[in-house]
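This report describes how the chains of one model are arranged and how their strands and helices are put together.

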There are 2 protein chains.
Amino acid sequence: MFKIDFSNIATQHPMDQLKNESLDALEKLLNKSCEGSEFTGWVDLPENYDREEFDRIKKAAEKIRKNSECLVVIGIGGSYMGAKAVDYAMSDYFSSEKEIEIIYAGYQLSSTYMAQLLKYLEDKDFSVNVISKSGTTTEPAICFRFIKELMDKKYSPEEQKDRIFVTTDKEKGALKELSNSNGFESFIVPDDVGGRFSVLTAVGLLPLAVKGINIDDLMLGASEARNDLTKKDYEDNLALQYASFRNYMYRNGKDIEILVNYEMRLKYFAEWFKQLFAESEGKDNKGIFPISCNFTTDLHSVGQMIQDGQKNVFETVISIENPQEDLVVKEEKENLDNLNYLAGKSVDYVNKMAMKGTITAHVSGNVDNILITIDEINEKTLGYMIYFFEISVAVSALILGVNPFNQPGVEEYKKQMFRLLEKPGY
Amino acid sequence: MFKIDFSNIATQHPMDQLKNESLDALEKLLNKSCEGSEFTGWVDLPENYDREEFDRIKKAAEKIRKNSECLVVIGIGGSYMGAKAVDYAMSDYFSSEKEIEIIYAGYQLSSTYMAQLLKYLEDKDFSVNVISKSGTTTEPAICFRFIKELMDKKYSPEEQKDRIFVTTDKEKGALKELSNSNGFESFIVPDDVGGRFSVLTAVGLLPLAVKGINIDDLMLGASEARNDLTKKDYEDNLALQYASFRNYMYRNGKDIEILVNYEMRLKYFAEWFKQLFAESEGKDNKGIFPISCNFTTDLHSVGQMIQDGQKNVFETVISIENPQEDLVVKEEKENLDNLNYLAGKSVDYVNKMAMKGTITAHVSGNVDNILITIDEINEKTLGYMIYFFEISVAVSALILGVNPFNQPGVEEYKKQMFRLLEKPGY
């Protein structure tokens, strides 16, 4: 279901010199003796998640699917990126109107987006899932004010109880108060799970269940990953190997990691990955800068730079064994385009050869490549990959020597913004 | 209409030491004595473009808008990124069904995308613009075979003449032959304009005219930029200053440039920028790696890494003075979210303060920032920005000491792919 090929590393071996460091990091993560260990609730989540809440999520999702054309998910950062990653990966490329539409909002401050969203929703039946631990984060809070105002115009307080769902702190904060006083159903952002590790809590699960995604299978995939990747056995634990590989790259001057896909459905999975890795590792003047590419698209863009530019890049490629759909190139009489040599071959086969050829080309240009293969895009493989990257980044950041679970730098822009906005206290 | 603030540079001044190098580069570009000068046709394009073809583009666009619900634009790299950049920048965030839909295809090898596109088009009236200089580039050629097959089912040869538009070499190649023998109208990819510089030729203009974009204004904006930015006067030429700035950054160890926007409508403009800069500069083991961020979204993602990570990053921020739409935050009795301090302020004002605060925060974290401001997103400012970045990258690459107009590394993956696909001759 999930494998990694580490054989295309151009930099001198062995990365196994980091074996003991990775085992040590895993040990500290699991016995909660690492820095930031108060935020490691996600480690056991695939096993010990709250079954009662899980059922409530499914019931709420059913209700929303019945009474709404759209669900507006209001959240920023970890409060929406996980859901969007899985949602997009599981969606068709061309939307059908029969499906419920999930609209993400409150994740930036574009006034145009906000105004156009309000117009779009005017004639639609919609529900809202507002997601924020504190309930006071600027972007989602502003967005929710506008959406709530529209709801007040469209729906009675009683109707709103069937349409507003809150995911927030279990007992305190603005949204918890709001849900208490208005009777909105609420779900929990656990105290020991940071935003970027929260996709397998109600934060990610409610929007995904509304989308029609099998969240049982998602948890099952994550649970399989937990079994595989908490083993204290380097040779048998791909997360330890990946974390070691990354740090080996970093110590060899490779400070940009590109998460590469050959299937754009993984585009927002890459965004989730970028947040997970950048926020976990980018501190104390350290860290590998995570970026992403869609190939073969970007082979006609940054591809030139990867092949012939500075040698400060390595690639982590995700390949999907079986595409959702495929079709075969046919023979053509005229053959003006010289493609007849491909007749009888499938488009996915050509895509795979593009991938293999690119790996060879990049490695020959001193760009190290590792290749992750999943059998197909489904809830199980996505759940597995989510857990894989979570455990990998924790181990990787600990090897790097930083706290994987804080994000002190995110406060800086907020402080400066609040000062300019003359927020009381700043 | 277009200005740059260079005052937030954290790295020690002066970047003006590159003044003479930039003037020298511009001189060589304009008198066609630089490397790759056979591909500098784009420099004078805003003045000397083919008026007869321009009119044909408008007429073809009118025809397509009348007979089609969708236009499928088939092209990869420079053959679609410019059109997509401007198209997306000029689009509303939520699509209305009244508008003609522009669908980009043939820019990757996802079999799922191809199959789902064919299904989607089955019941639609559509036209095609296939864009490729040679007509044999793998991705668009495969796509066009499938689209043509669907067209053969839906439309007679006579009808296809009103629905298939070819943008290709003026006299040779697969697509030119096809258009000659079938009577498809064809437009020209000029010999002296490389793919990534081709948005202001028929390559970009036809899809954009179909979208309803005012291509006269687009050319006008570019023409204004040409007047401003071909001046051999460093103090008065922002392109020279920007090119100098970038190289100054590079020489000071800043090898990642982030193009930042605070309005997601510029998301694909950033993709165009990335291609332009990566392909032009990424060679001979040199080059600044161009990436992009949507803020404030990514302040909750890679923002942590920018603030506190390695100091190898600088930012080029694009700010839009006047948003397309805006709305004002209202006072709320309960004020659970503590947002009442923003009452009476507009969402765009908050967005601007987020931008200003972020620049201050990042500069204090040793991340150099420059700030480009345009008055609004429209055809003129987009045309101006396109030309600005084109002339800037040419000057910048020449200062760096590489040929700005070739892309030898892009062939590497193709060679390896063709070998694996057993293409005759490989």
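In which order do the five strands of the open sheet in chain B follow one another, and with which pairing? The order is β3-β2-β4-β5-β6 of chain B, and the pairing is parallel. The model is a predicted one, and the sections below take its elements in turn.

## The parallel sheet of chain B

The edge positions of this open sheet belong to β3 (101-105) and β6 (185-188) of chain B, each of which pairs on one side only. Averaged over the sheet, neighbouring strands are turned by 20 degrees against each other, with direction ignored. Within the sheet, strand β2 (residues 70-74) of chain B and strand β4 (residues 126-131) of chain B run parallel and are joined by five bridges. Val73(B) has Asn129(B) as its bridge partner in β4(B).

A helix also packs on this sheet: α6 (residues 138-154) of chain B touches β2, β3, β4 and β5 (164-168) of chain B. The direction of α6 in chain B makes about 155 degrees with that of β4(B).

## The mixed sheet of chain A

In chain A, an open sheet of five strands has the order β1-β10-β9-β7-β8, and its pairing is mixed. The edges are taken by β1 (2-8) and β8 (289-294) of chain A; each has a single partner strand, so one side of each is left without a neighbour in the sheet. Here the turn between neighbouring strands is 20 degrees on average, direction ignored. Seven bridges hold the pairing of strand β9 (residues 313-320) of chain A with strand β10 (residues 368-374) of chain A, in the parallel sense. Thr316(A) finds its bridge partner in β10(A) at Ile370(A).

Two helices are recorded as packing on this sheet. Helix α11(A) touches β1, β7 (256-261), β9 and β10 of chain A, and its direction makes about 35 degrees with that of β1(A). Helix α12 (residues 267-281) of chain A touches β7 and β8 of chain A, and its direction makes about 175 degrees with that of β8(A).

## Helix packing around α11(A)

Two packed helices are described by the angle between their axes and the distance between the axes. For helix α1 (residues 19-30) of chain A and helix α11 (residues 238-251) of chain A, the angle is about 125 degrees and the axes are 9 Å apart. This angle makes α1(A) oblique to α11(A), and their crossing is right-handed. On the α1(A) side, the contact is made by Lys19(A), Glu21(A), Ser22(A), Leu23(A) and Leu26(A), and on the α11(A) side by Leu240(A), Ser244(A) and Arg251(A). By class, this contact of α1(A) with α11(A) comprises three nonpolar, two polar and three charged residues.

Helix α11(A) also packs with helix α15 (residues 379-400) of chain A, at an angle of about 45 degrees and with the axes 8 Å apart. That angle makes α11(A) oblique to α15(A), and the crossing is right-handed. The residues of α11(A) that take part include Leu238(A), Tyr242(A), Asn247(A) and Tyr250(A), and they meet a set in α15(A) that includes Phe388(A), Phe389(A), Ile391(A) and Val395(A). The contact of α11(A) with α15(A) divides into twelve nonpolar, four polar and two charged residues.

## Backbone details

Where does the backbone carry a cis peptide bond in chain A? The bond from Phe295(A) to Thr296(A) is cis, with omega near 5 degrees, and Thr296(A) lies in the loop between β8 and α13 (303-308) of chain A. In chain B, the bond from Phe295(B) to Thr296(B) is likewise cis, with omega near 5 degrees; Thr296(B) lies in the loop between β8 (289-294) and α13 (303-308) of chain B.

Positive phi values occur in residues other than glycine. Asn335(A) has a phi of about 55 degrees and is placed in the loop between β9 and α14 (347-364) of chain A. Glu422(B) has a phi near 55 degrees and is found in the segment after α16 (410-420) of chain B.

## Relation of the two chains

A turn of 180 degrees, with a shift of 0.0 Å along the axis, lays chain A on chain B with an RMSD of 0.0 Å. That is the relation of a two-fold axis. In chain A, the C-alpha nearest the axis belongs to Ile291(A), 3.8 Å from it. The same surface serves both copies, since 100% of the contact residues of chain A recur in chain B.

Conventions: Residues are numbered from 1 along each chain as its sequence is written. Chains are lettered from A and ligands numbered from 1 in the order in which they are written. This is a predicted model: local features need pLDDT of at least 70, side-chain atom pairs count only at pLDDT 80 or more; totals for chains, interfaces and linings use all residues. Side-chain values use heavy atoms; hydrogens and water are left out. Copies are superposed by least squares on the C-alpha atoms of residues with pLDDT of at least 70 in both. Contact means heavy atoms within 4.5 Å. Two strands pair if DSSP finds at least two bridges between them. Helices (H or I, at least four residues) and strands (E, at least two) are DSSP runs, numbered from the N terminus. Axes are lines fitted to C-alpha atoms, for helices over the stretch in contact, and angles run from 0 to 180 degrees between N-to-C directions. Angles under 35 degrees count as roughly parallel, over 145 as roughly antiparallel, 65 to 115 as roughly perpendicular and the rest as oblique. A crossing is left-handed if the near helix is turned anticlockwise from the far one by less than a right angle, and right-handed if clockwise. Ala, Val, Leu, Ile, Met, Phe, Trp, Tyr, Cys and Pro count as nonpolar, Asp, Glu, Lys and Arg as charged, and the others, Gly among them, as polar.
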